[in-house]
Amino acid sequence: MKPPETMRWQGGIEGQLELLDQTLLPGQLQYLCCRDVQAVWDAIRVLSVRGAPAIGLAAAYGVCLGLQTAGDSTQQLRDQLKQDASQLASSRPTAVNLSWALERMQATGNACQLEGDAWREVLLAEARQIHQEDQQMCQQIGQHGASLLTTPTAVLTHCNAGGLATGGEGTALSVLFTAHQQGNLAEVFVGETRPLLQGARLTAWELTQRDIPTTLICDSMAGQVMREGKVQAVVTGADRIAANGDTANKIGTYSLALLARAHQLPFYVAAPSSTFDLALADGQGIPIEERDPAEVTHGFGQATAPQQVKVYNPAFDVTPAALIDAIITEQGIIQPVNQQTVAALLLGSG
């Protein structure tokens, strides 16, 4: 069965963006219709669309919505694009793919000398090109990453780095999908991923949709699962990777990397080259989004903590490069992970 699209653009330059509302999964399969920039900003902020590649792609389409009400001169269109890109960039701070996609759209707009609808057509074509490239990127990550799983392997994954987080088959899950097709995926253990349960609600859903053997665990069970030898590797995605390979991903990833090292299990990260922020020397410079305390105290509307308790709710943590055995990209595998190997693959320099 073909999985549902994470997002789709309907129509031409006067069209609309439809997003699979991930806040309703797995109970409801429903699309959210976005007709303006604010609707896309809201969808990114409340996690109706999430995952580093997917929010970048949604933002690229989002600026196309904003251009529908702009004036027709080249300068008016560029000014509107700049304003809308700035607004969309403020929706979430950690995933670098968001700013990467918006900067690419702005570069396209600044280079285009056309006016009116012809200018809008160029920008919509660029957003569609980003979407197509994302699909190809996912496929390539899957092919490269599956080469690390050469025998039937039970894998632990965290949060959601599947088709729901991208415009294609996913990053970490693309590795697992490809390994499954090759007969080298025995089972996937999925951490629930507190506090918003992206592992339980989204990853487990994607895997079971494909009839892949899947076992859901609480995040706190990971160490016991490793100690019992139930998994042989950990594969996660990433939201931003510094020049030295330090990696930001969903909160709890750092703990898994430490556990994997303690149990001598390989820890792999799968992410596209657009997730690297080479302007940051290391992970200390990665901005960490802090979200609403109610996500912890009132999970899905149910009070689970005393009203007066203080809450700390960082959405991401940073895993040091020293704990990462390999980073899987669409260009190839970075192994070992350090500043030199990152530069060698991404910049062609040693």
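**Exercise 1. Find which residues of helix 2 and helix 4 meet in this predicted model.**

Solution.
- Start with the helix 2 side. Its residues in the contact are Ala-52, Pro-53, Ile-55, Gly-56, Ala-59, Ala-60, Val-63 and Cys-64.
- Go across to helix 4. There the partners are Asn-97, Leu-98, Ala-101, Leu-102 and Met-105.
- Now sort the contact by class. It has 11 nonpolar residues, two polar ones and no charged ones.

**Exercise 2. Describe how helix 2 and helix 4 are placed relative to each other.**

Solution.
- Locate the two elements. Helix 2 covers residues 52-66, and helix 4 covers residues 96-111.
- Take the distance. The two axes come within 7 Å.
- Take the angle. The axes cross at roughly 30°.
- Add the hand. The crossing of helix 2 with helix 4 is right-handed.

**Exercise 3. Decide whether Leu-19 is buried or exposed, and list what surrounds it.**

Solution.
- Place the residue. Leu-19 lies in strand 2, residues 16-20.
- Apply the cut-off. Buried means under 20% relative accessible area. Leu-19 has 0%, so it counts as buried.
- Collect its contacts, leaving aside neighbours within four places in sequence. They are Thr-6, Met-7, Gln-30, Tyr-31, Leu-32, Cys-34, Ala-43, Val-49 and Ala-58.
- Check one distance. Glu-5 is 14 residues from Leu-19 in sequence, and their C-alpha atoms are 8.3 Å apart.

**Exercise 4. Do the same for Thr-74: is it buried or exposed, and what does it touch?**

Solution.
- Place the residue. Thr-74 belongs to helix 3, residues 74-89.
- Use the cut-off of 20% again. The relative accessible area of Thr-74 is 12%, so this residue is buried.
- List the contacts, again without neighbours within four places in sequence. Thr-74 touches Cys-112, Gln-113, Leu-114, Glu-115 and Trp-119.

**Exercise 5. Work out why the whole protein can be called as compact as a globular protein of its length.**

Solution.
- Count the elements. The protein has 11 helices and 14 strands.
- Compare two radii. The radius of gyration is 20 Å, and the globule rule gives 20 Å for 350 residues. These values are close, so the protein is as compact as a globular protein of that length.
- Note the extent. The C-alpha trace spans about 65 × 55 × 40 Å along its principal axes.
- Look at burial. Of the 350 residues, 56% count as buried.
- Look at contacts with a separation of 6 or more. Residues 24 or more positions apart account for 76% of them.
- Finish with the surface. About 14400 Å² is exposed, and carbon and sulfur atoms supply 49% of it.

How values were computed
Residues numbered from 1 in each chain as written. Predicted model: local features only at pLDDT ≥ 70, side-chain atom pairs only at ≥ 80, totals over all residues. Heavy atoms only, no water. Axes fitted to C-alpha atoms, helices over the stretch in contact; angles between N-to-C directions. Helix = DSSP H or I, 4+ residues; strand = E, 2+ residues; numbered from the N terminus. Left-handed = near helix turned anticlockwise from the far one by under 90°. Contact = heavy atoms within 4.5 Å. Nonpolar A, V, L, I, M, F, W, Y, C, P; charged D, E, K, R; others polar. Rg over C-alpha atoms; globule rule 2.2 N^0.38 Å. Buried < 20%, exposed > 50% of the residue type's maximum accessible area, 1.4 Å probe, protein only. Areas by Shrake-Rupley, 256 points an atom, 1.4 Å probe, with all protein chains shown as cover.
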